Amino acid sequence: MPQRVRVPLRVIVGAYADATVSVYVKIAALDRRDTGCEAGVTYLSGLLGLARSTVERALTQLMRPDPNDDIVELTSQRRTHQGGTGQTAVRRIRATNHRREHGAWVPSRAAESLAPRQLRAYAALAYATATDAPVTLSELARVLRHRSGKKAGQPLDTRSVRRILRELERLGWISVERRAGYRGRHLYTVHDEPTMPVLTADTDEGSGGDLEDGSLASKEHHPTDSPDEPPAGGPIRRRRTTGSSAPEDLVPLPDAFRHAPAAPQLTFAPRIWEQIQYVIEPVTALTAGLSPWLTGTLAREIVRQLEEGQDPDRLRARLQFRFASTDTIRDPGRWLLGPALARRGCGLVACESGQIWHTGARCDVCADLAADGQRPPRPPGPRRPGYPRPPGRWHECEACRAPSREPLADGVCRTCRPPDLAVLERRWAT
């Protein structure tokens, strides 16, 4: 079970900034240790993907009395000597009475995987579903109101709220049953873990300047992760840079995958680049002669589908299956960017040619559309490794596992079939 923390309702709907909610969730999770939260500002910044100055402002906001009720959510105890050397300050969250004070249970992993505003929307939906309260977009807009600028305090427009909910659903943190609730309202289901892998989290935080107003400690205590959570680092994060050189955690794209005139310094994180290489390995014979523009476009399309929630094994199986089942490829670049890599199925991200990829079950949406005549039945697609092949879909070679539309003699394809000696003797005789 994922580690969950209880976030008071006053923090979710109060005047705190969006990033403050993310910092609160992570500190509350680390505060469960007997020693309290000993994470420093730099460490929290790396976990949450926020700028140090943003974390500092969030800590300051949590340690100050709220102007509405004078409640302080966070206390900090310094452990520094007079000269300024020492360890990181110990931070503790205010103890709450669960029976008297309302709140929502939020998994600590969500603070690292979601952007601050997405996390706030997730926490609001968690509270609404726990209390069986039918929530509307307008009500969520009043919770996710503008926190700064000329529109500070005003509700968001419903289009922005709908975009946030759509992103939460795409990432697998919530499920939405549209127009299935009270008076045609949507029904939301909040998941403790995403239903599909989360690769990135765009926190909309630039590199920015650092206020350098943190603790006086010169050393940080790093082993602060909960034993129930994975090590720090977690999901991959993108950070915007303003300098001309690439960040240290990014590696330049090799010559075969560099977008030429438009973005000659196109870079990917090492883990992302390993996933790209893993995906295109079955079709490396086709990528060798592509132009820099086509190879860069192909790499970015793979990354886009990975960020959409499709795992690398799925993309690799798709390329391998379609490459083996295609007889003639006249234009490798057009074929890779079109029929080879395009996902076939309905609007569900988990649908792969009429089947749910992670379960192997039939997609009910595609079946209903085909039954209503709105869409012709999809051709069979790749199957997920590890699951038995559905009968009657396609024929596979027992030697090389290459797919074929026609039945195979002796269970092997023409390439793997041993030569017929009688046929060879007739050819030699002529």
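Which residues have the most contacts inside the largest nonpolar core? Val23 and Leu165. That core has 58 residues. One caution before I go on: this is a predicted model.

Take Leu165. Setting aside neighbours within four places in sequence, Leu165 is in contact with Leu125, Leu137, Leu140, Ile174 and Tyr188. Apart from this core lies another, of 19 residues. Its members include Leu286, Ile302, Leu306 and Ala340.

Next, Gln118. This residue lies in helix 6, residues 116–130. Buried or exposed? Buried, because its relative accessibility is 14% and the cut-off is under 20%. Who are its partners? Again leaving out neighbours within four places in sequence, Gln118 is in contact with Ile164, Glu167, Leu168 and Leu171.

Now helix 4, residues 52–63. Does the geometry hold up? Let me go through the numbers. The helix has 12 residues, and at 1.5 Å a residue they should span 16 Å. The end C-alpha atoms are 17 Å apart, so the two values agree.

The buried residues of helix 4 are Ser53, Thr54, Val55, Glu56, Ala58, Leu59 and Leu62. What do they pack against? Two helices and two strands: helix 2 (18–30), helix 3 (41–48), strand 2 (74–80) and strand 3 (86–93).

Last, strand 1, residues 4–8. This strand is mostly covered, with 4 of its 5 residues buried. Its pairing with strand 4, residues 103–107, is antiparallel and runs over 5 bridges. Within strand 4, Trp105 stands opposite Arg6.

How values were computed:
Residues are numbered from 1 along each chain as its sequence is written. This is a predicted model: local features need pLDDT of at least 70, side-chain atom pairs count only at pLDDT 80 or more; totals for chains, interfaces and linings use all residues. Side-chain values use heavy atoms; hydrogens and water are left out. Buried means under 20% relative accessible area, exposed over 50%, partly exposed in between (1.4 Å probe, protein chains only). Contact means heavy atoms within 4.5 Å. Two strands pair if DSSP finds at least two bridges between them. A nonpolar core is a set of buried Ala, Val, Leu, Ile, Met, Phe, Trp, Tyr and Cys residues joined through side-chain atoms within 4.5 Å. The expected span of a helix is 1.5 Å times one less than its number of residues.
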